[in-house]
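Biologist: Got a minute to go through this one with me? Put it up on the screen and I'll start asking.

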Amino acid sequence: MQHSNAGDFSRRDFIRGGSMAALLGLAGAVELRAAAPKNAEGKELTGPKVKVGVIGLGPQGRDIISTLQLNPTAEIAAVCDHYPVRLRRSATNCPGAKATDDYKTIIADKEVKAVIVATPSHLHRHIAIEALQAGKHVYCEAPMASTIEDVKAMAVAAREAVGQVFQPGLSLRADPQRHFLLQFVRSNAAGRTVAMRAQWHKKQSWRQPAGDPEREKELNWRLDSRISPGLAGEIGIHQMDMMTWLIKERPKAVTGFGGVMHWQDGRDVADTAQFVIEYPGGAQGIFECTLANSFDGEYEMLYGDLAAIMLRGNKAWMFKEVDSPLLGWEVYARRDVFYKEAGIALVMNATKLVAQGDNPVEDAPFANTPLSFALEAFLNNVNDVGSAVEDARDTFGTDDKRKLAKHLATLKLAPAATWKEGLEAAVVAIKANEALTSGRRVTFEKGWFELA
Amino acid sequence: MRTILVAAGLSVGMALNAAETARYESQPGGGKMRIDGTATVKEWTVECAAIGGFIEADADFPGGTGKPKVEINIPVRQIKSGNKDMDAVMHDAMKQQAHPRIQFRMTELKAKGVATGGKGEFDATGTLMVAGVTRTNTMPVTIERVSSTKLKVTGTATVKMTDFGIKPPSPDIPGGGIIKTGDDVKMTFEWTPEVEKP
């Protein structure tokens with residue numbers, strides 16, 4: 001999620017644990033992770049490592065590196081940034097990794113199996129496409145790009161890269177808590193969705209200082225309305241995509257409101273915005289975002305006619321209406337009180353935690369971040385798809401793309417965003433930003449979401 | 001006279017077609033295998049959608065008296081449970097690195113009755129190699145002619161892991177404790193090899 005700021009880094013993590021891995025890394029601690037299984041001889045069974053190249057070493061790129069360093073499947077083989085200070089810093093933190101200011105070096109490196117693109121959004125296109133065409137697996141930060149034309153070009157390249165993983169950085173799509181929650185929504189426990197709301201509040205400038213005007217302009221691309229997808233693209237894309245995922249409908253229109261409310265430093269990209277997303281079934285999703293106030297942080301709400309569901313971080317609660325039917329399991333569930341409302345805690349593996357003697361309240365099994373789950377899914381899928389491609393060639397004796405695609409469709413991969421979700425989410429975010437900057441309601445056109 | 005000669009020629013031609021052997025090859029999406037087993041915690045299941053191999057048989061098959069040739073191979077690392085830790089333990093127990101494939105070569109196919117409607121029941125005997133150990137195994141199979149270019153084979157085999165030198169794993173799964181697996185496993189498969197289109 002590209003909402004970090006170099007100067008705000010440690011405070012952000014302290015407040016919301018946004019990147020526990022990075023925070024612990026800064027503190028010199030080692031995060032305790034589940035150990036790998038062992039065989040009868042006591043040997044740890046870990047799968048093959050994936051050699052990864054990270055391109056773009058700003059705050060998000062560094063967050064990704066810190067997260068990868070805690071994953072036993074990842075081997076950071078190369079890092080790249082054309083800003084020498086950032087390159088030196090990351091090279092020091094990744095001993096053994098090749099350091100380069102030219103991304104083409106990483107793409108040409110046959111040892112590197114997967115590439116992570118964490119450059120500014122408007123620079124994703126050519127790097128991601130070149131990496132795919134070179135046979136690499138690609139993880140590309142969201143939004144995929146800043147224009148629909150670029151997003152579509154990347155989606156086409158990803159679609160044609162049969163046998164390669166392309167994963168946009170919609171990290172919530174890999175979060176097990178979200179998948180767990182989806183069961184309640186899909187089973188109609190909340191009833192018919194009548195509205196959704198999400199907010200993201202964090203007081204931060206986004207402006208980064210630099211020694212010279214040219215470098216400052218480059219560093220502050222997010223404040224340049226000509227290239228920045230604004231709050232909708234840089235922050236809102238995740239939660240707006242979450243709303244679309246929950247309601248399972250493609251939005252039909254979006255309206256945006258907002259402006260520069262606090263950071264009056266000459267920028268013309270809004271620091272506060274509200275978006276109203278209209279869905280065909282009649283429900284609307286409201287997303288609110290500000291860089292001017294931190295109260296109440298980040299959460300999502302789904303309002304159904306039987307219950308409301310609230311998601312905060314890796315926790316969720318259901319608030320039932322008085323006339324909604326009793327769900328058998330709720331008799332045993334924990335309840336937490338929020339002001340005047342009592343919410344049923346929706347905790348994954350609650351029964352297992354109790355059986356193990358762990359406390360479901362304090363030992364929430366998913367203390368990891370959506371980013372860590374997304375990268376874990378990416379690395380596992382790289383290994384699974386890679387081995388499936390090799391075995392398919394040996395088993396079926398063919399390199400035919402159509403046949404390979406048919407075989408790969410039988411794989412059960414770790415849940416994560418694909419190019420399709422990346423395309424949909426990017427289009428919604430780009431058009432939401434357009435609605436805000438133009439002051440007009442934008443009606444979504446089918447063609448924006450479709451590839452030739 | 002001419003009509004008789006033409007008819008005779010046609011008859012010979014048809015007899016040649018009946019004896020002609022075709023090779024039916026594995027196709028992506030054309031096979032699945034499932035292995036069911038037991039463990040102290042609960043029963044377990046693993047699956048694989050990559051079944052390789054071929055059948056060489058004549059046009060009458062599964063009827064007729066021809067002797068088909070059958071070979072099947074399955075990549076061990078594509079056999080999966082959906083749990084990475086369990087898969088790692090299973091692949092290690094099956095010595096995947098040294099013996100990446102399960103292999104079956106049929107040596108005898110014994111019909112159980114007469115094949116009717118293009119479908120027949122058989123006992124298939126052959127050598128089954130798992131984890132580097134080869135045993136002779138007989139399993140009941142049903143073979144059906146789906147079309148002139150496609151066959152369907154279904155079957156079940158019950159084997160013991162220890163027969164193939166595999167010690168039933170008792171892994172210490174993080175968060176799950178030590179799990180002991182049972183020796184008996186049931187393999188069920190469905191396979192539809194086809195003649196390759198030119």
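Biologist: Leaving aside its neighbours within four places in sequence, which residues is A:Ile55 in contact with?

Modeller: First, this is a predicted model, where local features need pLDDT of at least 70, side-chain atom pairs count only at pLDDT 80 or more, and totals for chains, interfaces and linings use all residues. Residues are numbered from 1 along each chain as its sequence is written, with chains lettered from A and ligands numbered from 1 in the order in which they are written. Contact here has C-beta atoms, placed from the backbone, within 7 Å. On that basis the partners of A:Ile55 are A:Cys80, A:Tyr103, A:Ile106, A:Val115, A:Ile116, A:Val117, A:Ala118, A:Thr119 and A:Ile127.

Biologist: Which helix gives the most to the largest nonpolar core?

Modeller: A nonpolar core is a set of buried Ala, Val, Leu, Ile, Met, Phe, Trp, Tyr and Cys residues joined through C-beta atoms within 7 Å, and buried means 20 or more other C-beta atoms within 10 Å of the residue's own. The largest one has 106 residues, and A:Ile55 is among those with the most contacts inside it. Eleven of its residues come from the top contributor, helix H14 (residues 419–438) of chain A.

Biologist: And why does this core lie between domain 1 and domain 2 of chain A?

Modeller: Chain A is divided into domain 1 (6–171 + 371–418) and domain 2 (174–355), with bounds from an automatic or database domain assignment. The core lies between them because residues come to it from both domain 1 and domain 2 of chain A.

Biologist: How many residues does each domain of chain A put into their contact?

Modeller: The C-alpha centres of the two domains lie 25 Å apart. On the domain 1 side, helix H12 (residues 370–396) of chain A brings the largest share, three residues. The count for domain 1 is 16, and for domain 2 of chain A 16.

Biologist: Which element supplies the largest share of the side of chain A that touches chain B?

Modeller: There, 21 residues of chain A are in contact with 22 residues of chain B. H12 and helix H13 (401–408) of chain A each supply at least two residues. The largest share is eight residues, from H12(A).

Biologist: How are H6(A) and H7(A) oriented to each other?

Modeller: The axes of helix H6 (residues 124–133) and helix H7 (residues 148–160) of chain A come within 9 Å and cross at roughly 10°. Angles under 35 degrees count as roughly parallel. So H6(A) and H7(A) are roughly parallel.

Terms used: Contact = placed C-beta atoms within 7 Å. Helix = DSSP H or I, 4+ residues; strand = E, 2+ residues; numbered from the N terminus. Axes fitted to C-alpha atoms, helices over the stretch in contact; angles between N-to-C directions. Parallel < 35°, antiparallel > 145°, perpendicular 65-115°, else oblique. Buried ≥ 20, exposed ≤ 12 C-beta atoms within 10 Å, placed from the backbone.
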